[in-house]
Amino acid sequence: RHAAATPHSLAGALEQGKPQTPLPDGSSRTGLKRLESQTQPLGKYDLQGIGELAVNPLGDRIINAFFKEGEDLTDFRSFIRVLAHFRPVEEGKSNETGRPEPMNSRLRKLQFAFQLYDQDSDGKISRDEMLQVLRLMVGIQVTDEQLVCIAERTIQEADQDGDGAISFEEFSVEKLNVEQRMSLRLLK
Amino acid sequence: MFLLLPFDSLVVNLLGISLTVLFTLLLVFIIVPAIFGVSFGIRRIYMKTLLKIFRWATLRIERGAKEKNHPLYKPYVNGIIAKEPTSLEEEIKEIRRSGSSKALDTPEFELSDIFYFCRKGIETIMDDEVTKRFSAEELESWNLLSRTNYNFQYISLRLTVLWGLGVLIRYCFLLPLRIALAFTGISLLVVGTTVVGYLPNGRWKEFLSKHVHLMCYRICVRALTAIITYHDQENRPQNGGICVANHTSPIDVIILASDGYYAMVGQIHGGLMGVIQRAVVKACPHVWFERSEVKDRHLVAKRLTEHVQDKSKLPILIFPEGTCINNTSVMMFKKGSFEIGATVYPVAIKYDPQFGDAFWNSSKYGMVTYLLRMMTSWAIVCSVWYLPPMTRQPEEDAVQFANRVKSAIARQGGLVDLLWDGGLKREKVKDTFKEEQQKLYSKTIVGNHEDRSRS
């Protein structure tokens, strides 16, 4: 991470977004390729060393989102793909049919957030998974009974099909301002 | 045609002879000052000239880039992300307001609350304090080495010609010169120390040994065209002490040893390194370990302690980080050297990346490749600070002492003191910050104690 994937290059890469789109300016793709060849694999340990991330209650889960199941290393391309979720949505772009879903679309952003809850990737947030996340976010400040109360109430309100868990569709309902809340704007 | 042949070979011969003579004169011109420890200051003039050329090259690139509208990379010292200065509570309120239509003041949990933590987390991955330090190391000027400029493109004919000239000079003139110097330096070291080893122990032997060592290291310094500035030389390590420095490359040893007479510590290697090690220990007592002994921490500690307690023996040179770090930060110091109980003389070494990146990435380059890279750079410019000696205080243990020394070195060299893995105090700080965040958040979903009874 350190000597190679520096912020400016991340900024550049993020602006280009996904690698499969042909870049209008051919030279920047070369720059991206060169950068990719110069980076070393990024390990969980590197991300865990970021102080400000360690004090984030969801820090560990966010780190795990960058790595595949059971793996400790990721490469530059995969790293950028995850960061690409947080690119701001461009104004006035309609969703053309036939093109693959862009990484920073509303859907993808919601999927990223959903995955932080749904650790076993079964497509639903169970009561236990909800409790786990709640516990991470409040630490020791709230008792078990209160948390269970909150979790059950949340599931009750969101659950449409009555299966006692929150599916992705139920999660995506009415989440206004996702585009703004899950985007990082780069300084020019 | 017959007349041409002898004429041809005569010209060739003359050319060959004159080149050899020039070369040898140059060598002598460089080596003789090294023997006596004086310097003509030629390297500094060289450095200043190079800087002027680099500045010109950078201006040229910037001008060329503006004309063609290329995005240039510039260090983002103030961060790359537009951070919104809202606190956790305000942000959660925003999320709630835009989410459901419920009353804002009731403590409530929303599934979308995690958006805040999510975004903050990714923000720190993209742009945090540590990364900012690394980005400050990105060069604002181009030093005519294509290996440092990721944006190297064809900008102008003049620039490319200059770069080509640079390649020619570096590979065809400087490289052979440097290799010759290095060869001379190393062979003199081996031969000189072996010869000195045959002398009976006494003042003469010590005197000669010291000067042979210093002379050969100075020749090696010139072999790398290293331009070193020493600060605070009055704090130089004394006998019976341990000299501790941050580690960026194997060259660190040469840099320090050319200004002081140290006892080295290390594992015996094979090959050329081993030959040098075996020769050098004949002249003065360095501390070499067999591979099997290195694993035994007690044995290592015992030998080092014995050495340190003998006041007639030289100060030991140790790099506690254990591996090469890229010279923007100081990583955790291994505590072994700090348990011995001797006076520690910290030394900070900081390389100027403008002339050549001295960092040895051992997973990327082998030793030979690395040395070749060093010898084909323009120069190696660094600063060495000798810090005042430190001793372990009664109330601190080896780890805390190590961290104290590390901070002093980091501060002096302008390096980032990365304590996130090791410092006991930092662990506690981490937890308190996390707890604060958790407290704030739990207020938004549970409210204060009085509200709880109502639901």
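This is a short tour of a predicted model, with stops in chain A and then in chain B.

**Stop 1: all of chain A**

Start by selecting the whole of chain A and colouring it by secondary structure. You can look for eleven helices and four strands. Of the 188 residues in chain A, 47% are buried. If you switch on a surface, you are looking at about 9,600 Å² of accessible area, and carbon and sulfur atoms account for 51% of it. Contacts tell you about the fold too: among the contacts in chain A with a separation of 6 or more, 60% are between residues 24 or more positions apart.

**Stop 2: Ser167(A)**

Now select Ser167(A), which sits in strand S4 (residues 166–167) of chain A. Is Ser167(A) buried or exposed? Its relative accessibility is 8%, so Ser167(A) counts as buried, because buried means under 20%. Show its surroundings and, leaving out residues up to four places away in sequence, you will find Phe114(A), Gly123(A) and Lys124(A) touching it.

**Stop 3: Glu170(A)**

Next, select Glu170(A) in helix H10 (residues 168–172) of chain A. Glu170(A) is buried, yet it has no salt bridge. Which side chain of opposite charge is nearest to Glu170(A)? That is Lys124(A), at a distance of 6.7 Å, and you have just met Lys124(A) as a contact of Ser167(A). A salt bridge needs the nitrogen and the carboxyl oxygen to be within 4 Å, so Glu170(A) and Lys124(A), at 6.7 Å, do not form one.

What does the side chain of Glu170(A) reach instead? Draw a distance to the backbone nitrogen of Gln160(A), and you should read 3.2 Å. Gln160(A) is also on the list of contacts of Glu170(A), together with Ala158(A), Asp159(A), Asp161(A) and Ala165(A), when neighbours within four places in sequence are set aside.

**Stop 4: a salt bridge in chain A**

Side chains of opposite charge can pair when their charged atoms come close. Over all chains, the structure holds nine salt bridges. To see one of them, select Glu152(A) and Arg127(A), whose closest N and O atoms are 2.5 Å apart. Glu152(A) belongs to helix H9 (residues 144–158) and Arg127(A) to helix H8 (residues 127–138) of chain A, so this pair ties together parts that are 25 residues apart in sequence. Both partners are partly exposed: Glu152(A) has a relative accessibility of 40%, and Arg127(A) has 35%.

**Stop 5: salt bridges in chain B**

Move over to chain B and select Arg236(B) with Asp259(B). Their salt bridge has its closest N and O atoms 3.5 Å apart. This pair links distant parts of the chain, 23 residues apart. Arg236(B) is in the loop between strand S1 (226–231) and strand S2 (241–245), while Asp259(B) is in the loop between helix H8 (251–257) and strand S3 (263–267). Arg236(B) is partly exposed at 30%, whereas Asp259(B) is buried at 13%.

Then select Arg404(B) and Glu396(B), another salt bridge, with closest N and O atoms 2.8 Å apart. Here Arg404(B) is partly exposed at 31% and Glu396(B) is buried at 13%. Finish this stop with Arg119(B), Lys120(B) and Glu123(B), which are linked in a network of salt bridges.

**Stop 6: helix H9 of chain B**

Select residues 271–283 of chain B to bring up helix H9. Which residues of this helix are buried? They are Gly274(B), Ile276(B), Gln277(B), Ala279(B), Val280(B) and Ala283(B). Show what surrounds them: these buried residues pack against helix H6 (157–197), helix H7 (203–223), S3 and strand S4 (287–289) of chain B.

**Stop 7: Glu206(B)**

Stay with helix H7 of chain B and pick Glu206(B). Glu206(B) is exposed, with a relative accessible area of 56%. Draw a C-alpha to C-alpha distance from Glu206(B) to Val196(B): the two are ten residues apart in sequence and 8.8 Å apart in space.

**Stop 8: a nonpolar patch**

For the last stop, select Val28(B), Val32(B), Ile35(B), Phe36(B) and Val38(B). Together they form a nonpolar patch on the surface, with about 440 Å² of accessible area. Zoom in on Val38(B), in the loop between helix H1 (4–36) and helix H2 (42–68) of chain B. With a relative accessible area of 41%, Val38(B) is partly exposed.

Methods
Residues are numbered from 1 along each chain as its sequence is written. Chains are lettered from A and ligands numbered from 1 in the order in which they are written. This is a predicted model: local features need pLDDT of at least 70, side-chain atom pairs count only at pLDDT 80 or more; totals for chains, interfaces and linings use all residues. Side-chain values use heavy atoms; hydrogens and water are left out. Helices (H or I, at least four residues) and strands (E, at least two) are DSSP runs, numbered from the N terminus. Buried means under 20% relative accessible area, exposed over 50%, partly exposed in between (1.4 Å probe, protein chains only). Lys and Arg count as positive and Asp and Glu as negative; His and the chain ends are not counted. A polar contact is a pair of N or O atoms within 3.5 Å; within protein, one must be able to donate a hydrogen and the other to accept it, and residues adjacent in sequence count only if both atoms are side-chain atoms. Contact means heavy atoms within 4.5 Å. Patches are made of residues with over 30% relative accessible area and no salt bridge: like charges are joined within 9 Å, nonpolar side chains (Val, Leu, Ile, Met, Phe, Trp, Tyr) within 5 Å. Accessible areas come from the Shrake-Rupley method with a 1.4 Å probe; for residues, only the protein chains shown count as cover.
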